[in-house]
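Here is a walk through one protein model, part by part. Keep the sequence and the 3D view open while reading.

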Amino acid sequence: MSVSLPPFDGRTPLDLRLAVPAAGLWLTVLALLDASPRTAFLTAAVTGTAAAAVLPLLRRPRGGAAAALLAATLVCAAGGALAVAGRSAAVAAGPVAALAAAEQHTELSAVVSLDPRPRANPAVPGRAEFVVDARTEWVALGDDGTRVRTRVPVVLLVHGEEWRHLVPSQPVRAAGRLVPADGGLEAALLLVRGPPREVGPPSTAHAWAEEVRERLRRACAVLPRPERGLLPALVVGDTSGLDAETAEAFRATGLTHLLTVSGANLAVMTGVVLAVARWCRLPPWASAAAGAATIAGFVLLARPEPSVLRAAFMGALALVSLAVGRPRIGVATLAAAVIGLLLFAPALAASFGFALSVLATGGIMVLAPRWRDAWAQRLPTWLAEAVAVALAAQVACAPLLVLLSAEVTWVSVPANVLAGPFVPVATVGGFAVAALASVALPVARAAVWVPGTAVHWICVIADAGARVPHGALPWRSDVAGALLLAALLAAPLVLRGRARRAVAAVTAAAVVAATAVTCLAAPWPPSGWAVVACDVGQGDALVLAAGRADAVVVDAGLRPEDVDRCLDGLRVRRVVLLVLTHHDLDHAGGTGGVLRGRTVREAAVPPGFDAPVAAAALARAGVRPRTVHTGQDLAAGPWLLSVLWPPSDFAGDDPNEGSVVLLARPSSPRGPGGTLSVLLTGDIEESAQRALLADPAIRGVDVLKTPHHGAATQEGAFLDATGARVTLTSVGADNPYGHPAPATWARLTALTPASYRTDRHGDVAVVPGPDGPVVHWRGPRAR
């Protein structure tokens, strides 16, 4: 997130002339990415003609500079339109697009472009586990399998661990169904079942890079978690060993740029190389050559991700300037990098990573020098510069970040300032370890503790920042919200005098009003709460109060950050019992979030439990889950949980039907639950519900956790037999399954008007009362 090469120089005037053509090019490409080739070619012709019409105006003594700027902008727009037109025409004219339009099954050969990456929310049934960007070599046509050579970009949506370890430049064969891509410049999506076929070797350069990455991972294996997975991420962007809890802590504190290998990493490494070159008194061309070699090696190791490409392109331009004796870089260099990259790879126009990298770098170049110079009069220069860099990057990126996270964080600036001194140690030390590991692995394993210590403190900062109360404030996550935030941030930068004071006063009043509303709002959790259904999206996570800071947790939802947020809000620090009702990841995937900063005394799972993510998280915490079945009782703090299902010999193929069903009752009426009874049903469906109808324990309960998110697969007699006074349905808003089914929801509301669902009510708390349970809820949260 920092400038790629030299330090700041506030005396250098800003040259923004090339920024306007770069912005025009970017907007043109972005607008045309989903357009037809004909539209793109027509746009190129119109903007090119307009540029030619403006050329005569350059000779005029007045307005010549404005005409030159307009002409440059139109020329860049025409170039961008031609770049999009050429690529989209190549994609549309090939056989792959035609096969995708007909959703044909076929076989093809492709070369992997980037590392396979886990797909978001892989636990959702029927969705692919990994996304693989690739370029086709040939595709089979017709029933006879005739092969046609074609080179177009495709995206493979695949299942199976065999795909995880592919590296760029490896050729693979795959068979599946082609479907149209959702916009962009990809020819199609290939839905693949099964492992890759005929995997070939990568290129020599990529094989070398993968060997270096593997040896770095092996050297880091001696470190404790999460440092062993975090150091490769910081050094070369290798997140394969990074756990979800750490990644979420970095996201919450604005340190994610360290995990995606931003320009900061390349800046540090290139700066070290150039410093050594100067110390050796090498001529400028030799220093530039050494820097170029560093950039090339870095791109190979870190992969050509958007932020890496931006930093590499800027670095290359700066090295050219160095070689010819003009080593300064500035906004013009950034604009030139944007123009060059978008003409070469138009798809970057729609990349959030690329946009954030450009915005952060531009913000640092434009804002940080002035702030640093002003604050250095009252602060040490190093501190003034660190704060200025972090704040400038945050201000520049904030309007775009709200579109991704629906929140505005204020902890990112102090977190980045505190982490700043450790980043060079981790980066330079990590590369040194990687070099040592290539020739002497035992030596590297000893040396890795130096950058490992720096990484440990970065992780401590991230964890502490993620736990700061109200560290992120909710914000509208649409274009209107982004524009409003941009206006509020820009006002103190561009306004002066009374206008600035007026805006400051209005903003301060809004902050005070929001704070007052927050303070006057009903407290959460409500006093005396016994049960809370957490709003974790399309998943389950129920919490039973077990005393001060103690709780029983039944299921953990899909994402660790969701259940962690809920438990934080309930001030839970110790989990006396964690029950994972079955191994679907929308119930077990968030296990790491339950463990984040908390102790778990015991865990229970059904027979045949198979959730590698949850098992790994429990193993790291030293918790060995016990298998439970019908007839067992679990004592957990003030609660007694009777296991009603599944039988010990359950051998069904459907994990839903093997869900653990619990009846929770307080062991003493003086406990947090009073006399409340809670029936927790996991995802059981008709057959299990019919079997449970004969069990008198299901009848006359106070609270029913609706089975399977209110799916249509319900036994109506079972729901009626519970006689529940309150029903809690944990369900995600606008989920693709239509949960809860209208018929099921109608049956629940007929059973009791006190029927609540997390997509409408958010976190829902049940408080025992003298006249029965009382329900409190605090509204769904923005996602």
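Two strands are said to pair if DSSP finds at least two bridges between them. That convention is needed for the sheet described below, where in strand β18 the bridge partner of Leu634 is Leu641.

The model is predicted. The protein contains 27 helices and 25 strands. Of its 783 residues, 50% count as buried. Looking at contacts between residues at least 6 apart in sequence, 69% of them join residues at least 24 apart.

Begin with the sheet. Strands of a sheet pair through backbone hydrogen bonds, and the pairing can be parallel or antiparallel. Here seven strands make an open sheet with mixed pairing, and their order across it is β17-β18-β19-β20-β21-β22-β23. Its edges are β17, covering 633-636, and β23, covering 755-757, and each of these pairs on one side only. From one strand to the next, the twist averages 20°. At the β17 edge, the neighbour is β18, which spans residues 639-645. β17 and β18 run antiparallel and are joined by four bridges. Leu634 and Leu641 are bridge partners, with Leu641 in β18.

At the other edge a helix comes in. Helix α26, made of residues 742-751, lies across β22 (726-729) and β23. The direction of α26 is at about 140° to that of β23.

Next come the helices that pack against one another, with α17 taking part in two such pairs. Which residues make up α17, and how does the helix meet α7? Helix α17 consists of residues 449-466, while helix α7 consists of residues 244-252. Their axes come within 8 Å and cross at roughly 70°. Angles of 65 to 115 degrees count as roughly perpendicular, and α7 and α17 are therefore roughly perpendicular to each other. The crossing of these two helices is left-handed. On the α7 side, Thr246, Ala249, Phe250 and Ala252 take part in the contact. They meet Ile458, Cys459, Ala462, Asp463 and Ala466 of α17.

The second partner is helix α15, residues 422-439, which packs with α17 at an angle of about 140°, the axes being 8 Å apart. This crossing is left-handed too. From α15, the contact uses Phe422, Val423, Val425, Ala426, Gly429, Gly430 and Val433. From α17, it uses Val450, Pro451, Ala454, Val455, Trp457, Ile458 and Ile461. Ile458 thus appears in the contact with α15 and also in the contact with α7.

The last topic is the cysteines. How many disulfides does a search of the whole structure find? The search finds one. This disulfide is formed by Cys534 and Cys566, whose sulfur atoms are 2.1 Å apart. Cys534 sits in the loop between β10 (531-533) and β11 (542-545), and Cys566 sits in helix α20 (residues 560-569), so the pair ties together parts that are 32 residues apart in sequence. The torsion about the S-S bond is about -70°, which makes the disulfide left-handed.

Are these two cysteines buried or exposed? A residue counts as buried when its relative accessible area is under 20%. Cys534, at 0% relative accessibility, is therefore buried, and so is Cys566, at 1%. Two other cysteines also fall under that cut-off: Cys76 counts as buried at 16% relative accessibility, and Cys220 counts as buried at 0%.

Technical notes. Residues are numbered from 1 along each chain as its sequence is written. This is a predicted model: local features need pLDDT of at least 70, side-chain atom pairs count only at pLDDT 80 or more; totals for chains, interfaces and linings use all residues. Side-chain values use heavy atoms; hydrogens and water are left out. Axes are lines fitted to C-alpha atoms, for helices over the stretch in contact, and angles run from 0 to 180 degrees between N-to-C directions. Contact means heavy atoms within 4.5 Å. A disulfide is a pair of cysteine sulfur atoms within 2.5 Å. Buried means under 20% relative accessible area, exposed over 50%, partly exposed in between (1.4 Å probe, protein chains only). Angles under 35 degrees count as roughly parallel, over 145 as roughly antiparallel, 65 to 115 as roughly perpendicular and the rest as oblique. A crossing is left-handed if the near helix is turned anticlockwise from the far one by less than a right angle, and right-handed if clockwise.
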